[in-house]
Amino acid sequence: MIRRQPVSATADHAEERTNPAARLGFQPEQVVQEIGYDDDVDQELREAIEEVVGSELVDEDYDDVADAVVLWFRDEDGDLTDVLVDAITYIEEGGSILLLTPKTGRDGYVEPSDISEAATTAGLSATKSVSVGKDWSGSRLATPKGAKSKR
């Protein structure tokens, strides 16, 4: 008996499995704003996102709305709800925030219940949680469809 492995019909499907940025829903030509950058971030993930979108991530000083936000957050970074509310002002209506927090046992770990509570309070809904690297976990948070950017 021969067992066949399912094969993807297109390279796009293969890329989604191998490139974490594609798997997380980033698309070519999106403007992605990065908040909370520090020496401990996952450089491979940053580069993968830049590869998919075709440009560098914009920083916190970017003065227009973005399609998505990559938010690196550690427990000692302050109030997560406040940070999420601020991040919402940076993105287009219907945009998303990729909240990246240290994995369990790492410095700066954030409890999943704290993430859920902060997201709900900020008016966001969690759509997907993923492991995005050796040290970071990601939570994809979506803005309500009727939300308006304040910028």
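Colleague: What volume does the largest pocket have?
Modeller: This is a predicted model, and the volume is computed from its atoms. For the largest pocket, the value comes to about 160 Å³.

Colleague: Which residues lie closest to the centre of the largest pocket?
Modeller: The lining of this pocket holds 13 residues. Five of them are named as closest to the centre. They are Thr101, Pro112, Ile115, Ser137 and Ser139.

Colleague: Which element gives the most residues to the lining of the largest pocket?
Modeller: Strand S3 (91-102), H5, strand S4 (125-131) and strand S5 (136-142) each give two or more residues. The top contributor gives three. That element is S5.

Colleague: How do the lining residues of the largest pocket divide into nonpolar, polar and charged?
Modeller: Pro counts as nonpolar and Ser as polar. Over the whole lining, the division is six nonpolar, six polar and one charged.

Colleague: Is helix H4 parallel or oblique to H5?
Modeller: The axes of H4 (residues 80-88) and H5 (residues 112-121) come within 8 Å and cross at roughly 45°. Angles under 35 degrees would count as roughly parallel, and 65 to 115 as roughly perpendicular. The crossing angle therefore makes H4 oblique to H5.

Colleague: Is the crossing of H4 and H5 left-handed or right-handed?
Modeller: Handedness depends on which way the near helix is turned from the far one. Clockwise, by less than a right angle, is the sense that applies to H4 and H5. The crossing is right-handed.

Colleague: Which residues of H5 does H4 meet?
Modeller: H4 brings Leu80, Thr81 and Leu84 to the contact. The contact residues of both helices divide into five nonpolar, two polar and one charged. On the H5 side they are Asp114, Ile115, Ala118, Ala119 and Thr121.

Note on methods:
Residues are numbered from 1 along each chain as its sequence is written. This is a predicted model: local features need pLDDT of at least 70, side-chain atom pairs count only at pLDDT 80 or more; totals for chains, interfaces and linings use all residues. Side-chain values use heavy atoms; hydrogens and water are left out. Axes are lines fitted to C-alpha atoms, for helices over the stretch in contact, and angles run from 0 to 180 degrees between N-to-C directions. Helices (H or I, at least four residues) and strands (E, at least two) are DSSP runs, numbered from the N terminus. Angles under 35 degrees count as roughly parallel, over 145 as roughly antiparallel, 65 to 115 as roughly perpendicular and the rest as oblique. Contact means heavy atoms within 4.5 Å. On a 1 Å grid over the protein atoms alone, a cavity is a set of points where a 1.4 Å probe fits but cannot get out, and a pocket is an open set with protein on both sides within 12 Å along at least five of seven lines; lining residues have an atom within 4 Å of a point. Grid points are joined across faces, edges and corners, and a volume is the space filled by probe spheres set on the points.
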